[in-house]
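Q: Hi! Could you walk me through this structure? I'm new to this, so plain words please.

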Amino acid sequence: MATNSDSLANLSSTMATTMSITDTDLSDLIKIQGDLVKKLKAEKASKEQIDEAVKKLLALKQELADHQAANGEEASTAADKLLKTPRGTRDYHPGQMKVREQVFKTITDCFKQHGAETIDTPVIEIATLLTEKYGEDSKLIYELKDQGGAEPLALRYDLTVPFARYIAQNKIANMKRYHIGKVYRRDNPKMLRGRYREFYQCDFDIAGEFDAMVPDAECIKIIVEILDKLDLGDFKVHVNHRKLLDAIFAVCGVPDSHFRPISSAVDKLDKTPWNDVRNEMIHQKGLSPEVADKIWGYVQMHGSTELVTKLQADAQLAGQQSAIDALKDLEVLFRYLTLYEVMDKIVFDLKLARGLDYYTGVIFEAVLVKYQYDAQLGDDQVAVGSVAGGGRYDELVKKLDPRQRSVPCIGASIGVERIFAIKEHQMAESKIQTKTVETEVYVASAQKNLIEERMKLCNYLWANGFKAEMAFKRNPKMLDQLQYCEKNQIELCVIIGDSELKDGKVKIRNVITREECDVPREQLAEQLTVHLATVREQSKDLSSK
């Protein structure tokens, strides 16, 4: 039977062979070491043994605190331990939620414009469905502890594998769908860079047999449209082909069994220097230096359509049928992207690998030019890596379907959390106050004891389709009501008093200009519509100056 000491030694050994230690690893070590201290005390071990175990426990706790400080996190105290979100998650305030709603709407409208319908799938999936689908990232899957059920469960890692399961389970031959939902990864979070443990994905996928590169081109077109509409600055969409990458590995002398591990290493080149990746290939993946250098000779290439022509003339690649097929695909894809008028955004990049194992064809990633990660600056920067990506996964449904039914698929995913990180940075720089409520009309009273009249007026406005509210106090101060309108950017204020009630009129106040006018009660809905149109035109003119 394994002891706590054995568990600690095993976990320490595992961590020593990985590239980086996470807070979760340290927390696991602290728990194991804490259990060991309790066991030694219960067994009345010698004072020397207990002191040594306690010393190790304190050292681990200090290491965790240092690690959290290095990542810009505050160590929790006993007093605030329950009043915080779990690491890698966060709350969103009203202003942040308003931005999120606008981003989600932009993305959803684009998906709908391209004819997609939506679905939803469970946040939990059967664990065996998810394992071995994500390559080296499979270790990031949140597997749930046994709760007494027969099925081992896990939180979904992405929306793609659940979609493939949905297609296989429901025997669907073709579908164009979008899905917006939360996914979970046991990752080492970097909050400033939009990397969380709980986050949203916005996916658009096309399943079914279609002519080559037609769906692929539309997925890339959608990414370009969305990023243009979100106004995040200049961006590029890097494109490659998994079959071409595999052919390059083959001609360089990489064994077939090493294709995926080497692909994962190549995938790090966007934020890791070549020398570090080369060392990983040689010392951890088992390649010879000569093979690694041959790979570098190819993967440093990037360009546009001219690179396709250059690679088609490569004598070594010409002997690989997979390379011939991939380059033909890319030739057609770039022609279609030219027709869609987005080729100026495209970079044919041979180092793009995408780490997930299920990709089989065209792969792509969108990167913001201004916010690309600079390894020399470390983590103290607003950099988010890729903000969208995807690719073709023709074999995934077949792997899941008990009858081995094949349904080719291509998909694109928008990295909304990273986009939100950029949007929040832009908001902080602009210092523009975001309107968090959608109230158009505020009902105010100028005298006391008019709460019921205000309630009647609110009810009238709601019935006529206006977004309206009032103060919940029986006798609110007029100044407080007007200040509430200004603070929350409410366009119009409808004011009633004894004289207005007597004359059958109401007063409409433009909150921005503070101009007021009296209108007959029976014309209120019509006049409010006119005034709202005027106010919004004035706001538009002010924002354009």
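A: Happy to! Let's begin with one pair of residues: Val441 stands opposite Leu492 in strand β14. Keep in mind that this is a predicted model.

Q: Which helix packs on the sheet there, and which strands does it touch?
A: That is helix α17, residues 478–487, which touches β12, β13, β14 and β15. The direction of α17 makes about 170° with that of β12.

Q: OK, and in what order do the strands of that sheet come?
A: The order is β13-β12-β14-β15-β16, in an open sheet of 5 strands with mixed pairing.

Q: Which strands stand at the edges?
A: β13 (468–470) and β16 (516–520) do. Each has a single partner strand, so one side of each is left without a neighbour in the sheet. Neighbouring strands of this sheet are turned by 30° against each other on average, direction ignored.

Q: Back to β14. Does it pair with β12 in the parallel or the antiparallel sense?
A: Parallel: strand β12, residues 441–445, and β14 pair that way over 5 bridges. Besides the pair we began with, Val443 stands opposite Val494 in β14.

Q: And with β15, parallel or antiparallel?
A: Antiparallel this time, over 4 bridges, with β15 covering residues 505–510. Here Leu492 stands opposite Asn510 in β15. As a general point, strands of a sheet pair through backbone hydrogen bonds, either parallel or antiparallel.

Q: How many residues of β14 are buried?
A: 5 of the 5 residues, 492–496, are buried, so β14 is largely enclosed by the rest of the structure. Leu492, Val494 and Ile496 point one way from the strand, while Cys493 and Ile495 point the other way.

Q: New topic! What is the phi of Gln489?
A: Gln489 has a positive phi of about 55°, although it is not a glycine. You'll find Gln489 in the loop between α17 and β14. Its relative accessibility is 31%, so Gln489 counts as partly exposed.

Q: What about Gln404, where is that?
A: Gln404 sits in the loop between α14 (396–400) and β11. Its phi is near 60°, again a positive value in a residue other than glycine. At 46% relative accessibility, Gln404 counts as partly exposed.

Q: Now the helices. At what angle do α4 and α7 pack?
A: Helix α4 (residues 94–113) and helix α7 (residues 214–230) pack at about 145°, and their axes are 10 Å apart. The crossing of these two helices is right-handed.

Q: Which residues make the contact?
A: From α4 there are Val103, Thr106, Ile107, Cys110, Phe111 and Gln113. From α7 come Ile222, Glu225, Ile226, Lys229 and Leu230. Sorted by class, the contact has 7 nonpolar, 2 polar and 2 charged residues.

Q: How many residues does α4 have, and how far does it reach?
A: α4 has 20 residues and reaches 28 Å from its first C-alpha to its last, close to the 28 Å expected at 1.5 Å a residue.

Q: Which residues of α4 are buried?
A: Among them are Gly95, Val99, Val103, Phe104, Ile107 and Phe111, and the list also includes Lys98 and Arg100.

Q: And what do the buried ones pack against?
A: They pack against β4 (175–184), β5 (198–207), α7, β11 (409–414) and α15 (416–430).

Q: Last one: what comes just after α4?
A: Gly115 is there, with a positive phi of about 85°.

Technical notes: Residues numbered from 1 in each chain as written. Predicted model: local features only at pLDDT ≥ 70, side-chain atom pairs only at ≥ 80, totals over all residues. Heavy atoms only, no water. Axes fitted to C-alpha atoms, helices over the stretch in contact; angles between N-to-C directions. Left-handed = near helix turned anticlockwise from the far one by under 90°. Contact = heavy atoms within 4.5 Å. Nonpolar A, V, L, I, M, F, W, Y, C, P; charged D, E, K, R; others polar. Expected span 1.5 Å × (residues − 1). Buried < 20%, exposed > 50% of the residue type's maximum accessible area, 1.4 Å probe, protein only. Pairing = 2+ DSSP bridges.
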